[in-house]
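Here is a short briefing on a protein model with a ligand. Have the sequence and the 3D view open as you read.

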Amino acid sequence: MIPRGRRGIVIAIDGPAGVGKSTVGHLVAKSLGCPFVNSGEMYRALTWKAMQIGVDVNDAARVASLATGLRWEFHPTAEGTMRTFIDGENVAAHIRDERVSAASSAVAANPEVRRFLCRLQRGLGASSSIVMEGRDIGTHVFPDADYKIYLDAEVGERAKRRYRQLKASGLPAGLQRIREAMLKRDLSDLKRRINPLCQADDAIVIDSTHLTLHEVASKIIRLIRRPSSNGRSRRAGARPRPEVERPGRVQEGRRRAGARRARR
Ligand code: C5P
C-alpha cells in the first residue's frame, strides 16, 4: 500500500472511449491499495437521470440545475472502486447502455456541469491517494497529479473491447455501430470548447493496442513503485521517467499548450 499523506498521491489516467482506462485504473488502484474513481460514471449518471425524467440533454440550463439539485454520494466497493449514487440510488446498472453513452457527449460539453463535477472529483482526491480516470483528469481536474498516464489504442481494437464488454453484460451490441458511435464521441470529446480530451504535455503515453490491460496496469504499477535514487519509492512530487513514450495516436488530440509540468 502506498503511504497516504495529508493529500496522498494522485494518479490520473486519461484517454479516448473504450481504451481500457477503467479496467487499468481499477487494477492499479487495487494493487496500490487506494480508491479508484471512474469520472465518466458521473457524466453518465447525470445523462441517465436527465433521460429518465425527460430533461433534454441539450438544454444546458436545465441539465446544470438538475446536476446541482441531485444528492451525489460515492461509496467504495469491497475492492475500492467508488460507485456513484444519485439521490440514494446506485446508478451502475443504468449507465452502460449505448443510448446513455451517445447522449453523454452533450452533457459533457456543458460548462456548468463540468465545473460542478470537477469540484466533486477534486473533493474525492482531496485527502487520500487516488487513481482517477477520465478525459481531463491530468489536464484540468488534477493538473498537479503525481503521475499522468494517457492511454491510447486503435479505434478498431477499442470497439472490439467495448463490444465484448457489452456482450458479457448481456447488453445489445453491434461492432460497426459501436465503432461509429465511439468515433463520434471521441470527436465530441476532442473538439469541445471546455476541457477537451488532450494529452497533458507531461503525460506518459501508453498505446494498449497490442497489450493486454493487465500488461498496461503492470507497466504503470512498475513506474509508480520504481525506487528513486535514494532507494525509497517515488512519492508525490517526484516525476517518473517515462517508460513508454511516443507521440499520441489521437491525431486531433492537442497536447495541452503550456500545461503545468509535474512537480519535480
Ligand atoms: O469514460 P466514459 O465513456 O464512461 O465517459 C462517458 C462520457 O463522459 C464520455 O463520452 C465523455 O464525453 C465524458 N467524460 C468527460 N470527462 C471526463 C470523463 C468522461 O467529458 N473526465
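Which helices each supply at least two residues of the shell around the ligand? They are helix H2 (40–53), helix H4 (98–108) and helix H8 (175–191). Keep in mind that this is a predicted model. The briefing covers the ligand shell, then the sheet.

**Ligand shell**

- The ligand has 14 residues around it.
- Gly40, Tyr43, Ala108, Gly134 and Arg135 come nearest.
- Sorted by class, the shell holds five charged, five polar and four nonpolar residues.

**Sheet layout**

- Three strands make an open sheet in the order S3-S4-S5.
- The pairing in this sheet is antiparallel.
- Strand S3 (72–76) and strand S5 (89–90) are the edge strands, and each has a single partner strand, so one side of each lacks a neighbour in the sheet.

**Pairing of S3 and S4**

- Five bridges join S3 to strand S4 (residues 82–86), in the antiparallel sense.
- Phe74 has Thr84 in S4 as its bridge partner.
- Pro76 is matched with Met82, its bridge partner in S4.
- In a regular strand, side chains alternate between the two faces of the sheet.

**The turn**

- What do S3 and S4 form, and how many residues lie between them? They form a hairpin, with five residues between the strands.
- Gly80 sits in the turn and has a positive phi of about 95°.

Key: Residues numbered from 1 in each chain as written. Predicted model: local features only at pLDDT ≥ 70, side-chain atom pairs only at ≥ 80, totals over all residues. Near = placed C-beta within 6 Å. Helix = DSSP H or I, 4+ residues; strand = E, 2+ residues; numbered from the N terminus. Nonpolar A, V, L, I, M, F, W, Y, C, P; charged D, E, K, R; others polar. Pairing = 2+ DSSP bridges.
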